[in-house]
Amino acid sequence: MLNLGILISGRGSNMESILKSIKKKKIPIKPVVVISNKPNAKGLKIAEKLGVNVEVIESKGFKGSRWQYDKKIIEILTKYGVTQKNGLVCLAGFMRIISPEFVKKYKNRIINIHPALLPAFPGLDSQKQALDYGVKYSGCTVHFVDSGMDTGAIIIQSIVKIKENDTEETLSKRILKEEHRIYPEAVNLFARKKINVSKRRAIIS
Ligand code: GRF
């Protein structure tokens with residue numbers, strides 16, 4: 001069975017939905033560790049409650065390079081068996097850019113959730129970007145992580161219709177509901193080896 005590591009920085013609601021779905025839907029993957037770059041991330045408590053090991057590698061004040069920081073993450077992932085052969089790494093609100101070296105080592109084994117329909121509105125505050133732009137639909141995207149900013153092959157997307165009276169808060173809430181649905185679905189597809197990446201396309205069988 002594959003081993004799953006989840007990287008978080010805060011609330012951890014996507015992490016929670018993944019962990020709960022694995023149990024409920026019997027997704028064939030073992031969640032072995034949740035790692036946070038912030039010691040006070042709320043998600044850490046949730047992970048502990050759900051019986052998953054937690055680790056913190058504080059990024060604030062870290063003196064080394066991005067790659068040196070990522071090497072610490074890889075050390076922990078390896079310790080728990082989330083390897084390049086047998087692992088999946090889910091970024092779930094992990095507020096750091098990952099080094100190209102990390103991406104290369106775990107090629108097509110790191111996935112992320114983004115609260116917009118990529119390639120529209122990459123980066124931060126995507127829900128606000130969508131409202132400011134005036135699009136009528138937004139949504140969320142689960143994608144592989146490559147060395148660009150939110151540019152990797154797309155696995156699943158879900159569309160959310162924007163209402164005339166939406167605020168950043170109301171839109172974010174409706175998008176988050178979809179995030180909680182599609183992220184576990186993508187983990188399930190990965191765990192069952194149903195995703196094949198060919199150039200830019202993640203082909204689902
Ligand atoms: C989510 O909106 C996710 O799309 C984005 O960061 C947020 C994390 O929320 N990448 P949570 O920590 O999973 O609750």
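Modeller: Contact here means heavy atoms within 4.5 Å. The model is predicted.

Biologist: How many residues of domain 1 are in contact with domain 2?

Modeller: The protein is divided into domain 1 (1-107) and domain 2 (113-205). Their centres, taken over C-alpha atoms, are separated by 19 Å. On the domain 2 side, 17 residues take part in the contact. On the domain 1 side, the count is 21 residues.

Biologist: Which domains supply the shell around the ligand?

Modeller: The residues around the ligand include Arg-11, Gly-12, Ser-13 and Asn-14. Ile-113, Pro-115 and Glu-179 are also among them. At least three shell residues come from each of domain 1 and domain 2.

Biologist: How many residues of the shell are charged?

Modeller: Sort the shell by class. Two residues are nonpolar and four are polar. The charged residues number two.

Biologist: Which residue has a side-chain N or O atom 2.7 Å from an oxygen atom of the ligand?

Modeller: Set the backbone pairs aside. Gly-12 places a polar backbone atom 2.8 Å from a ligand oxygen. Ile-113 has a backbone N or O atom 3.1 Å from a ligand nitrogen. The side-chain partner is Glu-179.

Biologist: What share of the ligand's exposed area does the protein bury?

Modeller: The ligand occupies the space of the largest pocket. Taken alone, the ligand exposes 370 Å². Of that area, the protein buries 85%.

Definitions and conventions
Residues numbered from 1 in each chain as written. Predicted model: local features only at pLDDT ≥ 70, side-chain atom pairs only at ≥ 80, totals over all residues. Heavy atoms only, no water. Near = heavy atom within 4 Å. Polar contact = N/O pair within 3.5 Å; in protein donor to acceptor, adjacent residues only side chain to side chain. Areas by Shrake-Rupley, 256 points an atom, 1.4 Å probe, with all protein chains shown as cover. 1 Å grid on protein atoms, 1.4 Å probe; cavity = no way out; pocket = protein on both sides within 12 Å on 5 of 7 lines; lining within 4 Å. Sits in = over half its atoms within 2 Å of the grid points. Nonpolar A, V, L, I, M, F, W, Y, C, P; charged D, E, K, R; others polar. Domains from an automatic or database assignment.
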